[in-house]
Amino acid sequence: MLLLYTSGKIKATEKFKSVTLALLLSTISISILAFIGYLITATRGYVMIFAGNPIFDIAMSVIFIIIAVLFLISDFQIIRETVENQRPKEYEWSVSFGLAFTVIWLYFNVLDLLIRIYDAKNYLRRIIMSAILSTQNLVKKYGYKIVSNNISLTINKGDIYGFVGKNGA
């Protein structure tokens, strides 16, 4: 991002800053509305359709990363203006704090995205690898003779099993 900014391909104009702020406020508003919708019993099911969807979670993480990167570009512009206008040394701390905050926010959003991708992969694996046959404490008798006692078995989709008896059959 710094290379794109210093080369002049990306500029943090007032319109750019307004769009960035609007994106941030929109995502915060959507999050608050979703929280309120979850608290209301009648709308909880609709909220959970999105909240329980791993694809939606990943999309929201990507949107937050994009917003963080846009704020990073805004921070570069503020740093440039501070240096070019030769502002007093007191401004250096606030500008550096803003940059550090944005970098940390971006870092946490990237970690959040990686966690959500990992969770989505496990979610899909649970769906794909669901049990197609399961038994617990199975007992087989011929008359009074017990031939199989307490057999518990789960066969997942895609697994291959074979049974071999005492005589190899």
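The following exchange concerns helix α4 and its partners in a predicted model.

Biologist: How do you know that helix α4 has the span expected for its residues?

Modeller: Helix α4 covers residues 54-84, which is 31 residues. From first C-alpha to last it reaches 45 Å, and at 1.5 Å a residue 45 Å is expected, so the two values are close.

Biologist: What makes the pair at the start of α4, asparagine 53 and isoleucine 55, a polar contact?

Modeller: A side-chain oxygen of asparagine 53 lies within 3.0 Å of the backbone nitrogen of isoleucine 55. The cut-off for such a pair of N and O atoms is 3.5 Å, so the pair qualifies.

Biologist: Which residues make the contact between α2 and α4?

Modeller: The axes of α2 (residues 14-39) and α4 come within 10 Å and cross at roughly 145 degrees, and the crossing is left-handed. On the α2 side the contact includes Phe16, Leu23 and Leu24, and on the α4 side Ile63, Phe64 and Phe71 are among the residues. The contact residues divide into 9 nonpolar, 5 polar and 2 charged.

Biologist: Why is the pair of arginine 116 and aspartate 57 called a salt bridge?

Modeller: The N to O distance between their side chains is 3.6 Å. A salt bridge requires a nitrogen of Lys or Arg within 4 Å of a carboxyl oxygen of Asp or Glu, so this pair is one. By that rule the count comes to 5 salt bridges.

Biologist: What makes this pair a link between distant parts of the chain?

Modeller: Arginine 116 is in helix α5 (residues 90-128) and aspartate 57 is in helix α4, 59 residues apart.

Note on methods: Residues are numbered from 1 along each chain as its sequence is written. This is a predicted model: local features need pLDDT of at least 70, side-chain atom pairs count only at pLDDT 80 or more; totals for chains, interfaces and linings use all residues. Side-chain values use heavy atoms; hydrogens and water are left out. Helices (H or I, at least four residues) and strands (E, at least two) are DSSP runs, numbered from the N terminus. A polar contact is a pair of N or O atoms within 3.5 Å; within protein, one must be able to donate a hydrogen and the other to accept it, and residues adjacent in sequence count only if both atoms are side-chain atoms. Axes are lines fitted to C-alpha atoms, for helices over the stretch in contact, and angles run from 0 to 180 degrees between N-to-C directions. A crossing is left-handed if the near helix is turned anticlockwise from the far one by less than a right angle, and right-handed if clockwise. Contact means heavy atoms within 4.5 Å. Ala, Val, Leu, Ile, Met, Phe, Trp, Tyr, Cys and Pro count as nonpolar, Asp, Glu, Lys and Arg as charged, and the others, Gly among them, as polar.
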